[in-house]
Amino acid sequence: MLNHNQKIIHLLHRTTGGPRLKDLLRFQSQSIIAIVDELIHKSSTYKQFTRDQVFDKNLDTLKKARGVKYRNRVAKRRISDLYIMQLAKGEEQLREKISFFWHDHFPVNVKNPGQTLSYLNTIRKHALGSFRELLHAVSREKAMILYLDNNKNIEGQPNENFAREVMELFTLGIGHYTENDVLEAARAFTGWNNKNNGDFIHIQKHHDKGSKTILGQTGQFTGDDVLNILLDNKQTSRYITSKLYQFLTGQTIPNGIKDSLSDQFYNSDYDICLLLRLILNAEDFYAPSVVSQKIKSPIELITNLVRLLNLEFKNATYLYKIQMKLGQIVLYPPNVSGWTFGKSWIDLNTVTERLELGDKFLSNKTIRINKPLLSLEGDEDSGEDGRPKNGNQFNFSSIENFLHLDPEENMKQLAQLLFNRLSNHLDVLIAELTNRWLTGDISTKDLLIVLLSQPEYQLN
Amino acid sequence: MENKSSQKKLIIIQLTGGNDGLNTVIPIENDIYYNARPHLSISKQESLKLTDQLSFHTALPYFQRLYFDGTLSIVNNVGYPNASRSHFHSMDVWQTALLSAHKHNTGWIGRYLDENAHLFQHNMGAIEVGNILSTVMRGHQQKGVGIDNFVDLHNHLKGEHYQSLIKRLPQIKTLSNDNLHHIYELLVDSVDGLDDMYHRFTRRKLKTPVAKNVFSRSLKMVTDLIISEVETQIFYVSHGSFDTHVSQLPVQSKLLQILNKGIQECIDALTTHDKMKDVSILIFSEFGRRLQENNGKGTDHGAANNLYIISKHLKKPGIYNKLDSLDSLVEGDVPFEIDFRRIYANILEDWLNTHSRLILNESVDKIDIFSHSAGLT
């Protein structure tokens, strides 16, 4: 069975950018239910990203000198950075983490930074609200409509891309609808489009007003009607419940609880916080088969380190290049089915990068990309020797001070924070490092570099 | 020793950014070409003659030699329906070999590995030179390996930190943690595979001259590995960027020179070691460029393009098919005549001896640059 500290660390791994020493120390005296409450309460507010956080005079200059496409590439990378830093350090930690689940669930990858920003704000805004509202809102985003071609979906020439994915990937899951349902739903979404400024518009003259039959119901349905038909279908609740359970636990939902959880989610009209509480407060969330058994996604690995070390990056393409090497770039999902999580994150191409990421950050090492990549246009961060022009900034003084208070005992707590259930079999290493640190043989920075390069740190 | 069929090697060279095929293989008797390119056209006198109609860019003398030796095939007007002018999308189409590329994240080489994993005991069936793995190398279960410098990587993993981790494997196996096993086992297997590579390489004491640029360095590694008889069958190298919207002439010329020299060094070394009989080289770009030059002494994104195959087993060396006459362009671009997947099918079936249908997800009518079963000779 897990001790209380292990449970707290596990909970923080799965619901925030990663556990920090001060979070652990603060939560030690609270029950899991109280911590879940606090995480939810702290995420009850929402601050949208503004255009001012992305666009500035430098981008205007870039646009004049190199054109709008070039400017857009740089601007989108900035939004990607902004979001990662928010995932790692934002106040509303649970909101950001769950918004990332929705980003993978509704994966959109468009070049236009304004559309990207609007989409991102929408999933962040609704991340902990109602899935009903989220589905309606994200379906109207220009980024979504362009990504899945609904702007080309007009009466007489239906384009079924969005209609298919909304059933296959966003609500029911494959096998719970027919090809005819897709065709009919596509007709209902005809005319869904956006104005130049991104606002949603239903172009009536493009809309097929005829009767449609979808999942056994017949009527002169619009796109909104289709979304509501899908939401009224209990399979949508089962599908979303299973997927969120998988995201949080790294495991397939057991049949024994699937119906109970999805029924409660359905009966609450898709209250995401209710579902989160049901999963996070249940005992099986803290089972040994769940804790420290999941491979961190690249984004989790990055945000864990950023949060732990209080990192700031001073170079605009640094994070982008790291994500590229690790195989997951925020706001650039590979396709409409999102990322593939699990073992495939770690292969010979990524294993050394991942194990040495802490070292890269703390030692200010260059991120080298050695082939021609157009997406890296505007990368002006490397100095002449290939090192980042400006160093990364970090601060681990709280860890250092904590170790000084009671080196042997606190080193064990630090190891637990980093490796959780896996810290036991690293006992010998920890003891050796403690000695070397006490005798001044290694600095705190070098100590951290060794700890962070353990394969056990790759799991949460 | 390796399975016999894995002894046929394929080197794929991707000219990233869209190489201007019309200024690479130049239609020297075509007035439409000269009229459309007052600043950029290359004259008959300034180019390397192939036929009465076509010449190579002056930066490609070695390619001209290969042409006359009968080991180069130039396929014209290669593309696919509804050509995309976006680098990213078009490259995805070429790499996934699926026209609906946006819904897929497996590439044709990755799927080749899925079907032929049994050939590669060290899981090193395909190597992409570089440290970012492209879509082309990702299969459903298998994937290629991105290696920048296998000697460095080998030495790195032989270092103290990784060796101490590897020693932990027996202890890790006592834990009930599948994902942790995966990481440790991966390290152990990778070291095994790289050890094998490294020892085959060092045994041969190949002289490795310092290469001047990334491309020749990359190709040098590929050449060394082939000579060392490693299990790897497919190698992928990128070169560029050929996205010449401005000042095309000097930029393209420089890049083609590097290509010419790199290929020459590679083939010379392979020939010396009697390996060229087992190697074919495919050179492609995600699209060609517009016939009409732009106002910046450059060209914009086009559609169909030419593609080059180098091999000693060509059924039809030389000009495989006539270059488009340029008198009926589609939106200003060369229209496609040969679907690129037909070339992949030919390579897969006849050079790599595998069933292309499983890899290309449909039955594709292969062309016949390689004769039937060329890969078994």
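At 23% relative accessibility, A:Y266 counts as partly exposed. Its ring partner A:Y270 is buried, with a relative accessible area of 1%. These values come from a predicted model.

**Aromatic pairs**

Two edge-to-face pairs of chain A are set out below.

| Pair | Centre to centre | Angle between planes |
|---|---|---|
| A:Y266 and A:Y270 | 6.1 Å | 75 degrees |
| A:F341 and A:W345 | 5.5 Å | 90 degrees |

A pair of aromatic rings is described by the distance of the centres and the angle of the planes. Edge-to-face requires planes over 60 degrees apart. The pair A:Y266 and A:Y270 is at 75 degrees, so it falls in that class. The pair A:F341 and A:W345 is at 90 degrees, so it does too.

In the second pair, A:F341 has 35% relative accessibility and is partly exposed. A:W345 is buried, at 5%. The cut-off for buried is under 20%, which means that A:W345 qualifies.

A:Y266 and A:Y270 also belong to a cluster linked by ring pairs. Its other members are A:F101, A:W102, A:F106, A:F131, A:F170, A:F247 and A:F265. Over all chains, the count comes to 33 aromatic pairs.

**Helix α17 of chain A**

How many of the nine residues of α17(A) are buried? The count is nine of nine, and the helix is mostly covered. Among the buried residues are A:Y318, A:Y320, A:K321 and A:K325. A:L319, A:I322, A:M324 and A:L326 are buried as well, and so is A:Q323.

What do these residues pack against? Their partners in chain A are α5 (68-89), α16 (298-309), α18 and α19 (357-362). Just after the helix, A:G327 takes a positive phi of about 90 degrees.

**The interface of chain A and chain B**

Contacts between the chains involve 42 residues of chain A and 49 residues of chain B. The size of an interface is often given as the accessible area lost when the parts come together. Here the buried area is about 3,800 Å². Carbon and sulfur atoms give 56% of it.

There are three salt bridges between the two chains. One of the bridges joins A:D347 to B:K143. Their closest N and O atoms are 2.3 Å apart. Across the interface, 16 residue pairs are in polar contact, with both residues at pLDDT 80 or more.

On the side of chain A that touches chain B, α10 (161-171), α17 (318-326) and α18 (351-355) each give two or more residues. The residues of that side divide into 16 nonpolar, 14 polar and twelve charged.

Methods. Residues numbered from 1 in each chain as written. Chains lettered and ligands numbered in written order. Predicted model: local features only at pLDDT ≥ 70, side-chain atom pairs only at ≥ 80, totals over all residues. Heavy atoms only, no water. Contact = heavy atoms within 4.5 Å. Buried area = accessible area lost by both parts, 1.4 Å probe. Salt bridge = Lys/Arg side-chain N within 4 Å of Asp/Glu carboxyl O. Polar contact = N/O pair within 3.5 Å; in protein donor to acceptor, adjacent residues only side chain to side chain. Helix = DSSP H or I, 4+ residues; strand = E, 2+ residues; numbered from the N terminus. Nonpolar A, V, L, I, M, F, W, Y, C, P; charged D, E, K, R; others polar. Phe/Tyr/Trp six-rings, centres within 6.5 Å; stacked < 30°, edge-to-face > 60°. Buried < 20%, exposed > 50% of the residue type's maximum accessible area, 1.4 Å probe, protein only.
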